[in-house]
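Here's a quick briefing to read alongside the sequence and the coordinates. Have a look at the structure first, then dip into whichever topic you need.

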Amino acid sequence: MAEPRVMDIKDQPGFRSIAVICLLVLYIPVLILMIFSLNSGSLVTHWEGVTLNWYGSALLNEEFHSAAKNTLIISVTATIVSTICATLAAIGMTRVKPWRGLAAAFMVINLPLMVPEIITAVATLSFFALIAGTFGLNFGIGNLILAHTVFCIPFAYMPIRARLEDMDLTLEYAAADLYATPWNAFKRITLPLLVPGIMSGAALAFIVSFDDFTITQLVAGPGQTTLPLYIWNQIRRPMTPEINAISTILLLVSILFVSVSFLIARRRAK
Amino acid sequence: MTTATLSPTTLSKAALFEAQAVKTSARRNRLLSLPALIIIGIFGVLPLIIICVYSFLVAAPYGGVQWQFSTDAYLNFLFQRDIFDDTLQFTPDFLIIYLRSFLFAVVTTIICLLLGFPTAYFMATRPPAQRNWWVLLITIPFWSNLLVRTLAIMFIIRDEGLINNALLALGVIDKPITMLYTNFAIQLGLLYAFLPFMVLPLYSSLEKLDFRLVEAAYDLYATRRQVLWRVIIPLSKPGIIAGCLLVFIPALGAYVTPLILGGGVHLMIGDLIAQQFGSGRNWPLGCAQALILMAAVLVALFFYVRNTSGKVQHG
């Protein structure tokens with residue numbers, strides 16, 4: 001495979017430079033943002049020296065605490081609920097004979113991916129306003145959890161379904177041949193093989209919920225500030241490197257979860 | 001399952017029992033999709049129906065709606081009622097914002113394609129171990145916080161940002177170039193936000209490229225350029241369409257990017273819609289605007305379904 005002639009025919013002039021430029025363009029702004037979180041000066045743009053003070057002041061900040069708490073409550077709950085729903089749905093849509101409405105069900109599951117976020121945001125806002133106005137129902141932070149669960153489901157669903165489709169069905173048939181009940185076959189064969197898919201899906205669901213800004217901003221009621229909303233509030237005040245520190249924390253959380261999801265998915269693939 | 005076509009007499013009792021068990025469990029399995037479908041149905045689909053209804057109602061003075069049928073929201077999209085003689089005046093303000101957003105989305109898609117295709121191709125032709133690293137490096141920004149990434153762009157292009165500071169220090173300019181809160185800023189932000197959305201579907205399509213076809217083309221004396229335009233690009237068409245769609249749709253409905261980099265001066269559809277639910281206090285108009293955006297997205301999706309065998313890619 002690695003003979004030089006084969007590599008040669010794959011080459012296209014200039015493509016390497018464009019690829020490197022893309023990578024630099026994607027990473028340089030974010031790296032600069034991260035570097036300035038260590039700036040000892042109080043200006044976001046003038047470099048004065050290295051310090052971790054901004055992380056300290058960010059982590060001691062009361063508002064940051066409550067935003068972090070809200071974010072965790074929302075994303076952990078939404079992740080758990082959406083991952084369970086997505087796992088059940090993935091089984092219900094792959095381990096069955098094709099049923100009428102399967103295509104429609106698939107579309108419904110993927111709907112949140114196809115509708116632009118701003119539309120989902122205003123629709124969800126209208127919905128909660130309507131049930132609050134008509135039935136006097138307001139779930140508080142539950143509103144946000146429900147809104148997040150909806151768009152987390154398709155993200156959790158994708159890797160779980162992919163895993164179910166790649167799985168060797170003969171193992172499940174073998175279990176059935178050995179008189180395993182469907183539930184036992186599921187518990188002892190399918191589920192353990194499915195765990196990487198579920199973990200990968202849960203990681204993605206957590207990231208999209210943790211990072212969500214648009215839907216949260218429109219749906220959130222008073223006192224329901226999440227970390228992205230907290231950053232947005234900070235932008236509109238005179239900025240200090242504290243905002244870089246918080247942004248860096250958010251980025252690191254994303255990077256951690258993406259890498260975990262990616263590595264799990266890679267390991268099963270090859 | 002072929003069991004259905006066989007006559008029961010040819011099947012042993014055990015096999016029949018097994019087929020029955022598989023069948024009932026298969027039917028029971030269907031029900032497992034219910035929780036997800038119910039949650040998305042109530043909190044995802046129903047809200048979309050509600051905004052369809054809202055778009056035909058009258059705005060309440062302090063936000064929300066009054067239950068009274070009206071097509072004003074759609075009329076207001078293109079016309080404004082004259083205060084004095086009550087005639088409808090053609091006011092293209094909203095239309096202009098839609099066309100601007102469309103233009104932004106098209107330019108973003110084209111530039112992302114021009115940068116993304118070579119990148120994806122380069123990634124796909126690396127040895128497998130290197131390939132994984134490249135994919136991870138593109139995947140990280142794909143999933144990273146868009147608000148923070150947009151903020152990073154803002155820090156760089158501000159008047160007292162890195163670019164202006166560098167140019168001032170070098171003496172190239174003597175006063176900062178205004179980049180933030182301009183069309184340029186929005187365009188840059190959109191490119192930065194959606195570039196990974198182009199690269200990943202392109203990569204997954206180019207990764208499967210059969211290089212024997214490329215070799216055959218060279219054997220037939222094709223030049224590099226001919227191989228690219230007449231073999232590689234046509235073969236990766238599904239990836240190109242998927243990538244363009246994955247960039248075009250979110251770019252058209254972008255909200256965060258124009259909010260931060262346009263500074264409320266240069267609006268896109270996303271901010272316009274949000275405005276009706278905030279300071280505009282005209283929910284029906286906002287709903288109508290959202291549905292008009294949705295219609296544009298559906299046209300794009302329809303185009304996609306018609307041009308592919310119907311398999312949606314998610315990067």
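The notes below go through confidence, annotations, the chain contact and one helix pair.

This is a predicted model, so to speak of local features pLDDT of at least 70 is needed, side-chain atom pairs count only at pLDDT 80 or more, and totals for chains, interfaces and linings use all residues. Residues are numbered from 1 along each chain as its sequence is written, while chains are lettered from A and ligands numbered from 1 in the order in which they are written.

**Confidence**

- The model scores ipTM 0.88 and pTM 0.87.
- Chain A averages a pLDDT of 88 (pLDDT being the predictor's confidence in each residue, from 0 to 100), and 95% of its residues score at least 70.
- Chain B comes in at an average pLDDT of 86, with 89% of the residues at 70 or above.
- Among the elements of chain A, helix α10 (residues 214-219) has the highest mean pLDDT, 95, and helix α1 (residues 4-10) the lowest, 59.
- Residues 1-7 of chain A stay under 50 in pLDDT, and the model gives them 1 contact beyond four places in sequence; two residues are in contact if their C-beta atoms, placed from the backbone, lie within 7 Å.
- In chain B, pLDDT stays under 50 over residues 1-11, with 5 contacts beyond four places in sequence, and also over residues 310-315, with 11 such contacts.

**Annotated spans**

- UniProt (unreviewed entry) lists "transmembrane region" for residues 15-38, 72-91, 103-131, 137-157, 189-210 and 243-265 of chain A; positions follow the numbering used here, feature names are shortened, and annotations may be inferred rather than shown by experiment.
- Of these, residues 72-91 of chain A are 100% helix and 0% strand, with end C-alpha atoms 28 Å apart; helices (H or I, at least four residues) and strands (E, at least two) are DSSP runs, numbered from the N terminus.
- Residues 243-265 of chain A are also 100% helix and 0% strand, and their end C-alpha atoms lie 33 Å apart.
- The UniProt feature "domain: ABC transmembrane type-1" (unreviewed entry) covers residues 68-264 of chain A, a span that is 83% helix and 0% strand, its end C-alpha atoms 27 Å apart.
- For chain B, UniProt (unreviewed entry) puts "domain: ABC transmembrane type-1" at residues 98-304; that span is 78% helix and 0% strand, with 21 Å between its end C-alpha atoms.

**Chain B overall**

- Chain B has 14 helices and 4 strands.
- Of the 315 residues in chain B, 40% are buried (20 or more other C-beta atoms within 10 Å of the residue's own, C-beta atoms being placed from the backbone).
- Take the contacts in chain B between residues at least 6 apart in sequence: 68% of them join residues at least 24 apart.

**Where the chains meet**

- 83 residues of chain B are in contact with 75 residues of chain A.
- On the chain B side, helix α2 (residues 34-54) gives the most, with 15 residues.
- That side of chain B has 59 nonpolar, 18 polar and 6 charged residues, where Ala, Val, Leu, Ile, Met, Phe, Trp, Tyr, Cys and Pro count as nonpolar, Asp, Glu, Lys and Arg as charged, and the others, Gly among them, as polar.

**A helix pair in chain A**

- Helix α8 (residues 169-177) and helix α9 (residues 182-211) of chain A pack at about 145 degrees, axes 10 Å apart; axes are lines fitted to C-alpha atoms, for helices over the stretch in contact, and angles run from 0 to 180 degrees between N-to-C directions.
- L171(A), E172(A), A175(A) and A176(A) of α8(A) make the contact with A185(A), R188(A), I189(A) and T190(A) of α9(A).
- By class, that contact of α8(A) with α9(A) has 5 nonpolar, 1 polar and 2 charged residues.

Methods
Buried ≥ 20, exposed ≤ 12 C-beta atoms within 10 Å, placed from the backbone.
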